[in-house]
Amino acid sequence: MNTALIRKRLVIGNWKMHGARSTNATLLTGLCAGVSVVHNCDMAVCAPFPYLGQVSACLHGTGISWGSQDISKHQQGAFTGEVSADMLNDFGCQWALVGHSERRSLHGETDQLVADKAAAALSAGISPVVCVGETQAEQEAGLTHEVIQRQLQPVLALGAESLAKLVIAYEPVWAIGTGLTATPQQAQDVHAFIRAQLSGLNVPQVRILYGGSVKASNASSLFAMSDIDGALVGGASLVAEEFLRIAAS
């Protein structure tokens with residue numbers, strides 16, 4: 001069987017630290033109004049924690065799902081500022097980003113911590129979106145595959161049953177918010193490398209998203225690649241029309 005035929009496209013918007021109740025309402029209203037033109041693609045938004053209630057209320061029943069931008073590895077306790085999987089479940093979150101490059105670089109998150117967060121999400125029925133990617137220096141040194149393999153190792157150790165329930169997002173750090181984008185073939189090469197790791201554990205059906213300055217103008221060429229199953233979208237997800245065009249590509 002060609003597993004590419006059973007991997008439905010997934011496009012997730014990461015609002016990062018953007019938003020206000022008024023601007024969120026405009027964005028969400030626009031997404032709800034235009035979602036009917038999107039076919040054969042799952043859509044989701046990952047919003048800042050304070051707005052999950054608003055997102056949940058606006059998107060409920062629309063076919064667009066939602067999630068968080070992070071999750072604690074802890075269930076509860078004296079962990080000021082942390083947000084647990086059970087708390088996210090209160091808002092109906094289906095997704096949780098883990099290991100985004102900004103969390104790794106700005107907050108020192110390790111590969112093992114990322115895997116622990118993914119496990120916490122899975123234990124609560126939330127699908128983690130595990131982010132991996134290399135810096136420009138690592139890419140120029142020819143270390144891309146080595147870096148990706150290191151980042152994935154503790155996640156792959158969770159086992160096939162867990163892996164089948166998560167999503168992986170390849171986001172080259174040098175292409176995030178820089179305007180630079182990996183060529184479709186560059187992205188495909190890394191996605192194929194990740195797919196090989198997954199196939200070795202008998203879970204080739206896991207969706208692998210590309211993240212890094214994805215726009216409506218380049219989405220179609222990226223999605224044409226056999227191992228690119230969608231996108232993790234940053235800035236473009238803050239404009240309803242643009243995000244919908246990406247999903248419809």
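**Reading the annotated active site and the nonpolar cores**

User: Leaving aside neighbours within four places in sequence, which residues is histidine 100 in contact with?

Analyst: Beyond those sequence neighbours, histidine 100 is in contact with Asn14, Lys16, Cys131, Glu171 and Leu232. Please note that this is a predicted model.

User: At which residues does UniProt place the feature "active site"?

Analyst: The unreviewed UniProt entry places that feature at His100 and Glu171. These residues are spread over 72 residues of sequence, yet they cluster in space, with a largest C-alpha distance of 8.3 Å. Of these residues, the lining of the largest pocket includes His100.

User: Where is each residue found, and is it buried or exposed?

Analyst: A residue counts as buried when its relative accessible area is under 20%. Histidine 100 is in the loop between strand E4 (95-98) and helix H4 (101-107); its relative accessible area is 5%, so it is buried. Glutamate 171 occupies the loop between strand E6 (167-170) and helix H9 (184-200), and it is buried because its value is 3%. Leaving aside neighbours within four places in sequence, the contacts of glutamate 171 include His100, Cys131 and Leu232.

User: How should one read the nonpolar cores, and which residues of the largest one touch the most other members?

Analyst: In soluble globular proteins, nonpolar side chains tend to be buried together. Here the largest nonpolar core has 64 residues, of which Leu31, Met43, Ile194, Tyr210 and Ile246 touch the most other members. Apart from this core lies another, of 12 residues, among them Ala44, Trp95, Cys131 and Ala169. Cys131 is also one of the residues in contact with histidine 100.

Technical notes: Residues are numbered from 1 along each chain as its sequence is written. This is a predicted model: local features need pLDDT of at least 70, side-chain atom pairs count only at pLDDT 80 or more; totals for chains, interfaces and linings use all residues. Side-chain values use heavy atoms; hydrogens and water are left out. UniProt positions are given in the numbering used here, feature names are shortened, and annotations may be inferred rather than shown by experiment. On a 1 Å grid over the protein atoms alone, a cavity is a set of points where a 1.4 Å probe fits but cannot get out, and a pocket is an open set with protein on both sides within 12 Å along at least five of seven lines; lining residues have an atom within 4 Å of a point. Helices (H or I, at least four residues) and strands (E, at least two) are DSSP runs, numbered from the N terminus. Buried means under 20% relative accessible area, exposed over 50%, partly exposed in between (1.4 Å probe, protein chains only). Contact means heavy atoms within 4.5 Å. A nonpolar core is a set of buried Ala, Val, Leu, Ile, Met, Phe, Trp, Tyr and Cys residues joined through side-chain atoms within 4.5 Å.
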